[in-house]
Amino acid sequence: MSRILLVEDEDHIAEGLAFNLRNAAYDVDVASTGESALTMMADTTYDLVLLDVMLPGIDGIEVCSRLRQTGHMEPIVILSAKDRTEDAVAGLDAGADDYMTKPFDLDMLLAKVRGTLRRQVWGRAQASNHSAAEPPEQMRFGDWLVDFQTFSAGHPDGRTVELSPKELGMLRLFASRPGKVITRETFLEEVWEMPGSLETRTVDNFIRKLRQALEEQPSNPRHIMSIRGAGYRFVP
Ligand code: CA
């Protein structure tokens, strides 16, 4: 049974969400503050964290960046208010994998939970199954060497950057199709496992993050090229 940590301070939202997630056969713990979430995650390994942004004490963005800084790689989905898209962007920048805006559609949220957990299981299977079919453990991105095992990229000049599971998923997809145009829909299908989702902006946000991490001039990219009206193309 997959174990989910729901971090939400509004009781009625937390209770409703926990009820529906348990109904869908997930094991759910609820934390009502960022501090208690960090304490619980120190003791328990979760398969997924649903993380509200507006919390008393330290907020969801801070929780997210503290988790990533301390090596926690659990998938994190940010729950942000609809009129505060800057929270969603800040969450992604802090290392979250995805976001949903409130009030959310329950079916959409459950689909996102299923997709994120599938990807997590897939990642574990890849990590433990050293078969001939396993994807490459490293890729070149200009001068950077991306290491899929350590979730990081290293530059010959000594710089290193941490990369989130979703960012690595996008890089894997780029690496598998060098020079070919990859549509936003393909990214959503392959990396987010969310076919039919309209949230193509999520892809653009992650492209922006990857460029900031790995392009020498993010505003004038040489490796992740935008193809107008089509998607993105990777030039190693
Ligand atoms: Ca809240």
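In which helix does Arg 114 lie? Arg 114 lies in α5, the helix of residues 106-128. The model is predicted. The points below cover a calcium site, two antiparallel sheets, the helix α8 that contacts strands of both, and a cluster of phenylalanine rings.

**Arg 114 and the end of α7**

- Arg 114 counts as partly exposed because its relative accessible area is 44%, which falls between the 20% limit for buried and the 50% limit for exposed.
- The C-alpha atoms of Arg 114 and Glu 193 are 8.9 Å apart, although 79 residues separate the two in sequence.
- Glu 193 comes just after helix α7 and has a positive phi of about 55 degrees.
- Helix α7 spans residues 184-192, and its buried residues are Thr 186, Phe 187, Leu 188, Val 191 and Trp 192.

**Calcium site and Pro 56**

- Four protein residues donate to the calcium ion: Asp 9 through OD, Glu 10 through OE, Asp 52 through OD and Met 54 through O.
- These donors lie 2.1 to 3.1 Å from the ion.
- Along the chain, the donor spacing reads D-E-x41-D-x1-M.
- Asp 9 is partly exposed, with a relative accessibility of 26%.
- Glu 10 is also partly exposed, at 33%.
- Pro 56 sits in the loop that runs between β3 (48-52) and α3 (60-69).
- Leaving aside residues up to four places away in sequence, Pro 56 touches the calcium donor Asp 9, as well as Ser 32, Thr 33, Gly 34 and Glu 35.
- With a relative accessibility of 41%, Pro 56 is partly exposed.
- Pro 56 and Trp 192 are 136 residues apart along the chain, and 30 Å separates their C-alpha atoms.

**Three-stranded sheet**

- One open sheet has three strands in the order β10-β12-β11, paired antiparallel.
- Its edge strands, each paired on one side only, are β10 (181-182) and β11 (224-227).
- Helix α8 (residues 201-214) packs on this sheet and touches β11 and β12; the direction of α8 makes about 145 degrees with that of β11.
- Strand β12 (residues 231-234) is joined to β10 by two bridges, and the two strands run antiparallel.
- Within this pairing, Ile 182 has Tyr 232 of β12 as its bridge partner.
- Four bridges connect β11 and β12 in the antiparallel sense, with Met 225 opposite Arg 233 of β12.
- β11 and β12 make a hairpin with three residues between them, and Gly 229 in the turn has a positive phi of about 75 degrees.

**Four-stranded sheet**

- A second open sheet contains four antiparallel-paired strands in the order β6-β7-β8-β9.
- Here the edge strands are β6 (138-141) and β9 (160-162), each pairing on one side only.
- With direction ignored, neighbouring strands of this sheet are turned by 20 degrees against each other on average.
- Three bridges pair β8 (residues 152-154) with β9 in the antiparallel sense, and Ser 152 stands opposite Glu 162 in β9.

**Helix α8**

- α8 lies across β6, β7 (144-147), β8 and β9, and runs at about 125 degrees to β7.
- The 14 residues of α8 reach 20 Å from first to last C-alpha, close to the 20 Å expected at 1.5 Å a residue.
- α8 is mostly covered, with ten of its 14 residues buried.
- Among the buried residues of α8 are Val 203, Phe 206, Ile 207, Leu 210 and Leu 214, and also Asn 205, Lys 209 and Arg 211.

**Aromatic cluster**

- The model has three aromatic pairs.
- Phe 141 and Phe 234 have ring centres 5.4 Å apart and planes at 35 degrees, so the pair is tilted.
- This pair links distant parts of the chain: Phe 141 is in β6 and Phe 234 in β12, 93 residues apart.
- Both Phe 141 and Phe 234 are buried.
- The rings of Phe 174 and Phe 234 are also tilted, because their planes are at 35 degrees; their centres are 5.5 Å apart.
- Phe 174 belongs to helix α6 (residues 165-176) and Phe 234 to strand β12, so the pair ties together parts that are 60 residues apart in sequence.
- Phe 174 is buried, as is Phe 234.
- Ring pairs link Phe 141, Phe 174, Phe 187 and Phe 234 into a cluster.

Definitions and conventions: Residues are numbered from 1 along each chain as its sequence is written. This is a predicted model: local features need pLDDT of at least 70, side-chain atom pairs count only at pLDDT 80 or more; totals for chains, interfaces and linings use all residues. Side-chain values use heavy atoms; hydrogens and water are left out. Two strands pair if DSSP finds at least two bridges between them. Contact means heavy atoms within 4.5 Å. Axes are lines fitted to C-alpha atoms, for helices over the stretch in contact, and angles run from 0 to 180 degrees between N-to-C directions. Donors are N, O and S atoms within 2.8 Å of the metal (3.2 Å for Na, K and Ca); water is not among the atoms, so sites may look incomplete. Buried means under 20% relative accessible area, exposed over 50%, partly exposed in between (1.4 Å probe, protein chains only). The expected span of a helix is 1.5 Å times one less than its number of residues. Rings of Phe, Tyr and Trp (its six-membered ring) pair if their centres lie within 6.5 Å; planes under 30 degrees apart count as stacked, over 60 as edge-to-face and the rest as tilted.
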